Amino acid sequence: MIWKFDACGFDFQSVQLSGIQPELYSVYQAAKAISTGSRNITLANLASLELVTDEAFHLIVCALLLAKYGDAILNFERR
């Protein structure tokens, strides 16, 4: 899967989805949901071990935190 990104964000239309693994499709749908507000991925999808690996789930949760809290997460300092 090749992601195209520019100043406007991800170009989701350019991603070739045919033949990709189910867990990559879930990552794609999560990225699209976070970026555009679409609702193509559900909590049931995220909870499915067949569709979302532990690593993918971790990346999706981190992306959600960054989308919601942005700079506060990036500038977090441990004390």
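Select Pro22, which is partly exposed at a relative accessible area of 45%; buried denotes under 20% relative accessible area, exposed over 50%, and partly exposed in between, for a 1.4 Å probe and protein chains only. The model is predicted, so local features need pLDDT of at least 70 and side-chain atom pairs count only at pLDDT 80 or more, while totals for chains, interfaces and linings use all residues. Residues are numbered from 1 along each chain as its sequence is written, and side-chain values use heavy atoms, with hydrogens and water left out.

Pro22 belongs to helix α1, residues 22–36; helices are DSSP runs of H or I with at least four residues, numbered from the N terminus. Leaving aside neighbours within four places in sequence, Pro22 is in contact with Glu50 and Leu51, where contact means heavy atoms within 4.5 Å. Val52 is 30 residues from Pro22 in sequence, and their C-alpha atoms are 7.8 Å apart.

Next, select the whole of α1. Its end C-alpha atoms are 21 Å apart, which agrees with the 21 Å that its 15 residues should span at 1.5 Å a residue; the expected span is 1.5 Å times one less than the number of residues. Within α1, Ser26, Tyr28, Gln29, Ala30, Lys32 and Ala33 are buried. The buried residues of this helix pack against α3. Gly37 follows α1 and has a positive phi, near 85°.

Proceed to the loop between α2 (43–47) and α3 (54–69), where Leu49 lies. Leu49 is exposed, at 67% relative accessible area. The C-alpha atoms of Leu49 and Glu23 are separated by 9.0 Å, with these positions 26 residues apart along the chain. Ser48 is also placed in the loop between α2 and α3. Ser48 is buried, because its relative accessible area is 15%. The side chains of Ser48 and Glu50 are joined by a polar contact of 3.2 Å (a pair of N or O atoms within 3.5 Å; within protein, one must be able to donate a hydrogen and the other to accept it, and residues adjacent in sequence count only if both atoms are side-chain atoms).

Finally, select Phe57, Val61, Leu65, Leu66, Tyr69 and Ile73, which form a nonpolar surface patch with about 500 Å² of accessible area together. Such a patch joins nonpolar side chains within 5 Å, from residues with over 30% relative accessible area and no salt bridge. The most is given by α3, with five residues. Ile73 is found in helix α4, residues 71–74, and is partly exposed at 38% relative accessibility.

Methods:
Helices (H or I, at least four residues) and strands (E, at least two) are DSSP runs, numbered from the N terminus. Patches are made of residues with over 30% relative accessible area and no salt bridge: like charges are joined within 9 Å, nonpolar side chains (Val, Leu, Ile, Met, Phe, Trp, Tyr) within 5 Å. Accessible areas come from the Shrake-Rupley method with a 1.4 Å probe; for residues, only the protein chains shown count as cover. A salt bridge is a side-chain nitrogen of Lys or Arg within 4 Å of a carboxyl oxygen of Asp or Glu.
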